[in-house]
Amino acid sequence: MDKLTVRDVDVQGKRVFVRVDFNVPLADGKVTDDSRIRASLATITHLMNGGARVILASHLGRPDGKVQDGLRLRPVAERLSQLLGRNVPVTGDALGVGTEDALKRLRAGETLLLENLRFHAEEERNDPAFAETLASYADVYVNDAFGAAHRAHASTVGIAKLLPAYAGLLMEREIAALSGLLDNPAHPFAAIVGGAKVSGKIKVLDNLLTKVDVLVLGGGMANTFLLAQGKTVGKSLAEHDRIDDARRLLEAAEKRNVRVILPVDVIVAKEVTRGTEYKTLPAEKIPASWHIVDIGKQTQTLMEAALEGVRTVVWNGPLGVFEIPSFARGTNELARLLAAKADDGATVVVGGGDSVAAVQQQGLASRMTHISTGGGASLEFLEGRELPGIAVLLDRDGGDDGEGGGDRKPAGDRAAEADTARPRRTRTQSASKGRA
Ligand code: ADP
Ligand code: MG
């Protein structure tokens with residue numbers, strides 16, 4: 001990877017501001033899924049062991065610039081303290097004298113968590129004064145919040161322009177896994193894209209079509225492709241204003257010799273609810289009053305055959321309404337198939353909140369090569385865009401893009417290695433696409 005990471009900086013005694021993504025689900029004042037906290041433990045312990053004074057900061061939910069007691073980070077601090085085996089205090093506010101006092105008391109090797117950044121509207125506005133205050137807390141900035149890297153906020157971009165800015169270990173892993181898919185995937189390479197709507201995934205499909213050998217389409221978004229093929233989909237979720245996009249994508253796939261798998265049979269239901277009547281039908285014959293809710297067995301067989309021997313797979317979006325057990329089979333079978341492929345040495349990357357939830361529900365997460373912690377961020381990355389929160393981190397060969405970070409230098413003993421006069425070697429994700 002060409003971004004400097006926490007491994008490239010001596011943090012002994014330094015104050016290190018770490019943007020983490022602790023945007024976890026809560027119920028009754030308890031964290032119900034701590035995966036995102038666990039995902040940043042490697043970075044936090046690395047810094048603590050290196051003698052840093054660690055200042056963690058995150059958003060939680062959407063308080064829209066106001067204090068909401070239900071979105072305080074105390075439950076997160078409690079869970080983090082348990083996981084680290086040491087007490088991590090949380091401030092009552094990201095700003096103010098309470099935080100300043102806590103920062104003064106913070107010793108080398110200790111960790112402090114700031115209160116929810118989004119209690120201040122300045123965070124999402126990327127307010128310069130707010131970013132400056134956050135930067136005043138620290139000597140070094142680390143971004144481990146891949147899930148927030150597609151947002152140009154004060155804690156992801158503003159502050160990173162004011163301090164020497166490094167990638168955390170989770171951020172490093174995310175970039176390595178996702179750029180590996182775009183830059184030099186082992187072939188055959190398959191993308192499986194499902195989920196609710198095609199509208200949010202058109203740019204991802206456009207980019208992936210320039211890379212993959214096989215494209216499997218399922219879930220609600222496949223319905224718009226069925227319409228593009230002249231089929232009817234009854235009352236199924238579909239986007240009539242995206243039929244032209246779907247048609248264009250199918251043509252692009254054909255031109256590039258990408259094999260496209262669309263449902264040939266589907267499960268249809270009277271209603272999209274539990275306990276409703278349902279049956280399997282050929283995708284040609286969807287009656288006007290039914291909803292497509294999952295792929296059928298023939299489609300699954302077709303998909304398995306198309307994925308035979310693949311060496312790289314990226315999966316985003318469930319193949320059906322997997323929240324309802326009767327309509328989860330296609331998604332669950334796919335998760336099992338991909339876990340087996342990863343066991344056999346294929347690179348399998350899963351991104352997207354719901355797809356990841358489906359994998360975790362079946363206890364298959366640890367068998368996949370990489371499970372992305374970023375939903376929106378991983379999609380934007382796969383579109384081939386450079387995410388603002390990544391762009392702003394220091395490049396390994398010390399270039400600077402001149403975006404206001406001109407006097408920013410790598411911290412500590414590596415400063416000498418960074419030759420700021422050299423041109424920035426940007427990892428252009430499109431550089432290696434020319435397989436067509
Ligand atoms: P991810 O979070 O993995 O990126 P999305 O958010 O795009 O995935 O889509 C997930 C949602 O898509 C789920 O809530 C699922 O119920 C829904 N979905 C999948 N297939 C269908 C379908 N045939 N009809 C309606 N909704 C569907
Ligand atoms: Mg989702």
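Here is a short tour of this predicted model, stop by stop. Residues count from 1 along each chain as its sequence is written, chains are lettered from A and ligands numbered from 1 in the order written. Local features need pLDDT of at least 70, side-chain atom pairs count only at pLDDT 80 or more, totals for chains, interfaces and linings use all residues, and side-chain values use heavy atoms, with hydrogens and water left out.

**Stop 1: the ligand**

Select ligand 1 and show what is around it, taking a residue as near if one of its heavy atoms lies within 4 Å. You should get 18 residues, of which K201, I292, E323, D354 and S355 come nearest. By type, the shell splits into six nonpolar, nine polar and three charged residues; here Ala, Val, Leu, Ile, Met, Phe, Trp, Tyr, Cys and Pro count as nonpolar, Asp, Glu, Lys and Arg as charged, and the others, Gly among them, as polar.

Now colour by helices and strands, which are DSSP runs (H or I, at least four residues; E, at least two) numbered from the N terminus. α10 (219-228), β13 (291-295) and α14 (353-361) each supply at least two shell residues, and α14 gives the most, with three.

Next, draw some distances, using N or O pairs within 3.5 Å as polar contacts. From an oxygen atom of ligand 1 to a side-chain N or O atom of E323 is 2.4 Å, and an oxygen-to-side-chain distance of 3.2 Å leads to N316. A ligand nitrogen lies 3.1 Å from a polar backbone atom of G220. Taken alone, ligand 1 exposes 580 Å², and the protein buries 82% of that (Shrake-Rupley areas, 1.4 Å probe).

**Stop 2: the sheet**

Select β10, β9, β8, β14, β15 and β16: in that order they make an open six-stranded sheet with parallel pairing, where a pair needs at least two DSSP bridges. β10 (259-261) and β16 (370-371) are at the edges with a single partner strand each, so one side of each has no neighbour in the sheet. Zoom in on β9 (214-217), which pairs with β10 in the parallel sense over three bridges. There, V216 stands opposite I261 in β10.

**Stop 3: two backbone spots**

Go to the loop between α8 (169-183) and β8 (189-193), where you'll find P188. The peptide bond joining H187 and P188 is cis, with omega about 0 degrees.

Finish at D28, in the loop between β2 (26-27) and β3 (30-31). Its phi is near 50 degrees, a positive value in a residue other than glycine.

Key
A polar contact is a pair of N or O atoms within 3.5 Å; within protein, one must be able to donate a hydrogen and the other to accept it, and residues adjacent in sequence count only if both atoms are side-chain atoms.
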